[in-house]
Amino acid sequence: MGKVDGYCINQYALDEYQGNLRIATTFNSENAVYVLNEKLEKIGEIGGMGINESIKSVRFSGDLAYVVTFRQTDPLYAIDLKDPTNPTILSEMKIPGFSTYMQGYGSGKMFGFGYNADEETGWTKGLKLSMFDTTDLTDVKEEATLLLDENTYFSDDVLKAVSVQYQKGIIMFPYMKYVPAGEGRYKDMRVFGLYTYGENGFELLGENILEYDY
């Protein structure tokens, strides 16, 4: 039995690797990554990430961890876990919005799916796709973005509904969009989008749209 402070946002915030359990948590507006051994004894930790913010997504990948926190901007932290007793922050990058889901996209790239947001207020402004360049872990960069309409949002379980198939070059997800239809009416559009990513950034391959008037 072991114990750490805080709560986990989802299952991606926990990871077993080489006999150790790694956990990313938010506690009292502070965020940390802990490492526990096979006896669930805490052997390493690192905090100080996104003070007064909360974790929005986590992705562990071998000796690395990527953690996104958010309040008004989106810090993406790259953390070195090679020495489990001494986790180290390699880089911190701040961009508008936040990712609620992250997944590796081939060598040296990390895909992020979430929301764009106002840098002053933190209010969300529609869905956002990001591709991060992780080639230099001391200088992670946002290589490309795609901003959808401000009236778009994601209504399903992001962990189950987003599908990233790097080998096929496909990124798929459903989302919702409100469109004014005049005289105080709106169209509620349910969209399933199919995208790819290449030298020209994100490109729409096709989409299926269902419309409802109300």
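**Strands and ring pairs in a predicted model**

Let me begin with strand β11 and strand β12 (residues 141-147), which pair in the antiparallel sense over six bridges; strands here are DSSP runs (E, at least two residues), numbered from the N terminus, and two strands count as paired if DSSP finds at least two bridges between them. Across this pairing, Ser 130 stands opposite Thr 145 in β12.

Before going further, I should say that this is a predicted model, in which local features need pLDDT of at least 70 and side-chain atom pairs count only at pLDDT 80 or more, while totals for chains, interfaces and linings use all residues. Residues are numbered from 1 along each chain as its sequence is written, and side-chain values use heavy atoms, with hydrogens and water left out.

Staying with β11 (residues 124-133), seven of its ten residues are buried, so this strand is largely enclosed by the rest of the structure; buried means under 20% relative accessible area, exposed means over 50%, and partly exposed is in between, using a 1.4 Å probe and protein chains only. β11 is also joined to β10 by eight bridges, and these two strands run antiparallel, with Lys 109 standing opposite Asp 133 in β11. β10 and β11 form a hairpin with six residues between them, and in the turn Gly 122 has a positive phi of about 85 degrees.

From β10 we can move to the aromatic rings, where rings of Phe, Tyr and Trp (its six-membered ring) pair if their centres lie within 6.5 Å, and planes under 30 degrees apart count as stacked, over 60 as edge-to-face and the rest as tilted. By this rule the count comes to twelve aromatic pairs. One of them is formed by Phe 113 and Phe 173, a tilted pair with 4.7 Å from centre to centre and 55 degrees between the planes. This pair links distant parts of the chain, since Phe 113 is in strand β10 (residues 109-117) and Phe 173 in strand β15 (residues 170-182), 60 residues apart.

How buried are these two rings' residues? Phe 113 has a relative accessible area of 1%, and for Phe 173 the value is 0%, so both count as buried.

Phe 173 also pairs with Tyr 195: the ring centres are 5.4 Å apart and the planes are at 5 degrees, so this pair is stacked. Because Phe 173 lies in strand β15 and Tyr 195 in strand β16 (residues 185-198), the pair ties together parts that are 22 residues apart in sequence. Further ring pairs link Tyr 105, Phe 111, Tyr 166, Tyr 197 and Phe 202 into a cluster.

Tyr 195 leads us on to Leu 204, which lies in strand β17 (residues 201-213) and is partly exposed, with a relative accessible area of 45%. Leaving aside neighbours within four places in sequence, Leu 204 is in contact (heavy atoms within 4.5 Å) with Leu 194 and Tyr 195. Leu 204 and Leu 194 are ten residues apart in sequence, and their C-alpha atoms are 6.2 Å apart in space.

Finally, I would like to turn to an open sheet of four strands, which has the order β1-β2-β3-β4 with antiparallel pairing. Its edge strands are β1 (14-17) and β4 (42-49), each of which pairs on one side only. Within this sheet, strand β3 (residues 30-36) and β4 pair in the antiparallel sense over five bridges, and the bridge partner of Asn 31 is Met 49 in β4.
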